[in-house]
Amino acid sequence: MAGKTTRGSVLVARIATTSFALATLFWAWQAAPTLWSQPSMAQMARKIVGGERYRRDFLAEFAEATARSLRRDRCAPVARRTLAVTRLRLAEEAIAAGDETGITRTQSDLDVALLDALDCAPTDPLLWLARFWLQNNTRGLQQDNFKALRLSYRFGPNEGWLALRRSRFALAVYPALPDDLKQQAIDEFVQLVKSDFITDAADIVAGPGRPISELLLSRLEGIDIVKLKFLARLLDGRDFEARVPGVEVTRPRPW
């Protein structure tokens with residue numbers, strides 16, 4: 001039974017992959033003469049984490065150009081981080097496309113990029129979360145993988161943009177988490193509601209957090225009732241019967 005639960009958790013984790021969407025890479029290509037300055041690369045990294053989708057062949061060319069520009073005798077943490085995030089997106093797209101050859105290649109490239117980036121920036125919580133994601137996809141959900149998730153929580157405990165991604169992924173594999181990470185995952189979800197990420201919280205409850213929705217919602221007791229009422233309305237709109245503490249949802253009677 002435990003084996004089935006673990007396999008099920010891994011499957012859910014693959015489906016509910018933390019979204020690390022890419023953004024304005026065309027801008028970076030056009031800005032090649034100044035791309036490798038630290039300010040430009042920092043801006044590039046933010047855009048990569050933030051947003052838009054581009055063709056895989058373009059992303060692959062950008063990643064290869066980035067990799068060729070790096071020197072082994074220099075750390076260049078911002079450039080290596082940007083490369084790792086680009087490799088991550090390529091790996092995600094290969095999985096989404098069901099490209100078996102591409103999955104193997106992109107995950108191998110991502111593994112190298114993450115290790116290089118973490119050597120230069122060992123306190124980057126996004127990189128550790130990406131490491132956790134990769135380990136689960138390549139070798140299954142194992143106890144050794146949780147070190148990466150712990151470090152992501154440790155180095156990025158209060159970063160809302162990261163918490164949105166980490167919460168989805170951690171709650172998708174919640175039954176398999178050790179007790180300390182279960183507590184951190186619950187606490188992070190509660191903090192999302194407190195910090196007004198209520199629409200995202202509703203998506204999490206109705207999505208990857210659905211199997212433990214009663215537990216998640218029960219931990220919201222004592223939060224501002226206005227926020228809880230808004231959360232209840234959002235969940236009701238998703239056809240999700242939720243018991244939000246202190247909120248009585250009134251459903252219209254059928255004719």
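Which helix is the place of C120? The legends below start there, and they all describe a predicted model.

**View 1. C120 and its partners from elsewhere in the chain.** C120 sits in helix α6, which covers residues 100-120. Leaving aside residues up to four places away in sequence, C120 touches C75, P77 and R80. Take R80 from that list: 40 residues separate R80 from C120 along the chain, yet their C-alpha atoms are 8.0 Å apart.

**View 2. The largest pocket, with α9 and α10 in its lining.** If you're hunting for open space, this pocket holds about 200 Å³. It has 14 lining residues, and the ones closest to its centre are P157, N158, A163, E188 and Q191. Two elements, α9 (160-172) and α10 (179-194), each supply two or more residues to the lining. The top contributor is α10, which puts in 5 residues. Chemically, the lining is a mix: 5 nonpolar, 5 polar and 4 charged residues.

**View 3. Helix α9 against α10.** Here are the two helices from the pocket lining again, this time seen through their own packing. Their axes come within 10 Å and cross at roughly 135°. Angles over 145 degrees would count as roughly antiparallel, and so this crossing makes α9 oblique to α10. As for handedness, the crossing of α9 and α10 is left-handed. On the α9 side, the contact is made by A163, L164, R166, S167, A170 and L171, while α10 brings A185, E188, F189 and L192. Sorted by class, the residues of this contact are 7 nonpolar, 1 polar and 2 charged. Keep an eye on A163 and E188, which take part in this contact and are also among the residues closest to the centre of the largest pocket.

**View 4. Helix α8 against α10.** Another partner of α10 is helix α8, made of residues 146-155. The axes of α8 and α10 come within 11 Å and cross at roughly 40°. Angles under 35 degrees count as roughly parallel, so at this angle α8 is oblique to α10 instead. The crossing of α8 and α10 is left-handed. From α8, the residues in touch are F146, L149, R150 and Y153, and they meet D180, L181, Q184, A185 and E188 of α10. That contact has 5 nonpolar, 1 polar and 3 charged residues. A185 and E188 turn up here, just as they do in the contact of α10 with α9.

**View 5. Helix α9 against α11.** Last up is α9 with helix α11, residues 198-206. How far apart are the axes of α9 and α11, and at what angle do the helices pack? The axes are 10 Å apart, and the angle is about 15°. Since angles under 35 degrees count as roughly parallel, α9 and α11 are therefore roughly parallel to each other. Their crossing is right-handed. L164, S167, R168 and L171 of α9 make the contact with D200, D203 and I204 of α11. By class, the residues come to 3 nonpolar, 1 polar and 3 charged. On α9, L164, S167 and L171 take part here and also in the contact with α10.

Methods
Residues are numbered from 1 along each chain as its sequence is written. This is a predicted model: local features need pLDDT of at least 70, side-chain atom pairs count only at pLDDT 80 or more; totals for chains, interfaces and linings use all residues. Side-chain values use heavy atoms; hydrogens and water are left out. On a 1 Å grid over the protein atoms alone, a cavity is a set of points where a 1.4 Å probe fits but cannot get out, and a pocket is an open set with protein on both sides within 12 Å along at least five of seven lines; lining residues have an atom within 4 Å of a point. Grid points are joined across faces, edges and corners, and a volume is the space filled by probe spheres set on the points. Helices (H or I, at least four residues) and strands (E, at least two) are DSSP runs, numbered from the N terminus. Ala, Val, Leu, Ile, Met, Phe, Trp, Tyr, Cys and Pro count as nonpolar, Asp, Glu, Lys and Arg as charged, and the others, Gly among them, as polar. Axes are lines fitted to C-alpha atoms, for helices over the stretch in contact, and angles run from 0 to 180 degrees between N-to-C directions. Angles under 35 degrees count as roughly parallel, over 145 as roughly antiparallel, 65 to 115 as roughly perpendicular and the rest as oblique. A crossing is left-handed if the near helix is turned anticlockwise from the far one by less than a right angle, and right-handed if clockwise. Contact means heavy atoms within 4.5 Å.
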